[in-house]
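The following paragraphs lead through a protein structure, from its surface patches to its largest pocket and its salt bridges. Please keep the sequence and the coordinates in view while reading.

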Amino acid sequence: RPETIKTGELVFEKYLGDHVRVSASGFVYRIKGLISQQSNPETGLITFANRAGAGSKGLEFEIDSKFGPGFEGKVSYTLQRTQDQAPKDTLTNSPRHLGKLNVIAPLFKRRVFAGFELQYTSQRRTLIGPDTPAFVLSNLTLFGPKLTKGLDASFGVYNLFNQKYADPGGEEH
């Protein structure tokens, strides 16, 4: 059967002067008939089936600003809890904390920009072992919008400092 979801979100947003925006939101998701992988104990094969469901609730905070010609910054943080309906266990691969920092600065006459991003992901539950450790990734992007008529260009380096991290796998792994 198809899964169904009911969502609710309440958002507060405020501009502080001409250049700064702050927002806070709370959210609730209720999923019924969640489609999930499971192992068939008789055959050992992995199949898809509906589970009872899951729910998630959380808070998100964000501040962003445009300060000076071509300079931008944004900081966000999310606190969330995602659980099965029965039993009330935290779902695998569901971080409790997420954080992000983005900064953009002009490099050459507002035609070439540099963007730097930090992403934080807290530990996540795995199927059979210890939680994955928390990690911070950094990315750097150079981009030139409208370098010439019809030409935008970008170059990115992801995981700039070669951070070692792991993502929880599913049963098929």
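Strand S7 (97-108), strand S9 (135-148) and strand S10 (151-158) each contribute at least two residues to the nonpolar patch of this predicted model. The patch covers about 540 Å² of the surface, and its members are Leu107, Phe108, Leu140, Leu142, Phe155 and Val157. Among these residues, Phe108 has its place in strand S7. Membership of a patch requires over 30% relative accessible area and no salt bridge.

The surface also carries a patch of positive charge, to which Arg30, Lys57, Arg81, Lys88 and Arg96 belong. One of them, Lys57, is located in strand S5, which spans residues 53-66.

Strand S5 also takes part in a salt bridge, since Glu62 lies in this strand and pairs with Arg21. In this pair the closest N and O atoms are 2.4 Å apart, against a cut-off of 4 Å for a salt bridge. Arg21 belongs to strand S2 (residues 20-32), so the contact with Glu62 ties together parts of the chain that are 41 residues apart in sequence. By the same cut-off, the count for the model comes to 5 salt bridges.

Attention may now turn to the largest pocket, whose volume is about 430 Å³. Its lining consists of 18 residues, and those closest to the pocket centre are Ser36, Gln37, Arg51, Thr92 and Leu127. Which strand provides the largest share of this lining? That share comes from strand S3 (residues 35-39), which supplies 4 residues.

Technical notes. Residues are numbered from 1 along each chain as its sequence is written. This is a predicted model: local features need pLDDT of at least 70, side-chain atom pairs count only at pLDDT 80 or more; totals for chains, interfaces and linings use all residues. Side-chain values use heavy atoms; hydrogens and water are left out. Patches are made of residues with over 30% relative accessible area and no salt bridge: like charges are joined within 9 Å, nonpolar side chains (Val, Leu, Ile, Met, Phe, Trp, Tyr) within 5 Å. Accessible areas come from the Shrake-Rupley method with a 1.4 Å probe; for residues, only the protein chains shown count as cover. A salt bridge is a side-chain nitrogen of Lys or Arg within 4 Å of a carboxyl oxygen of Asp or Glu. Lys and Arg count as positive and Asp and Glu as negative; His and the chain ends are not counted. The place of a charge is taken as NZ of Lys, CZ of Arg, CG of Asp or CD of Glu. On a 1 Å grid over the protein atoms alone, a cavity is a set of points where a 1.4 Å probe fits but cannot get out, and a pocket is an open set with protein on both sides within 12 Å along at least five of seven lines; lining residues have an atom within 4 Å of a point. Grid points are joined across faces, edges and corners, and a volume is the space filled by probe spheres set on the points.
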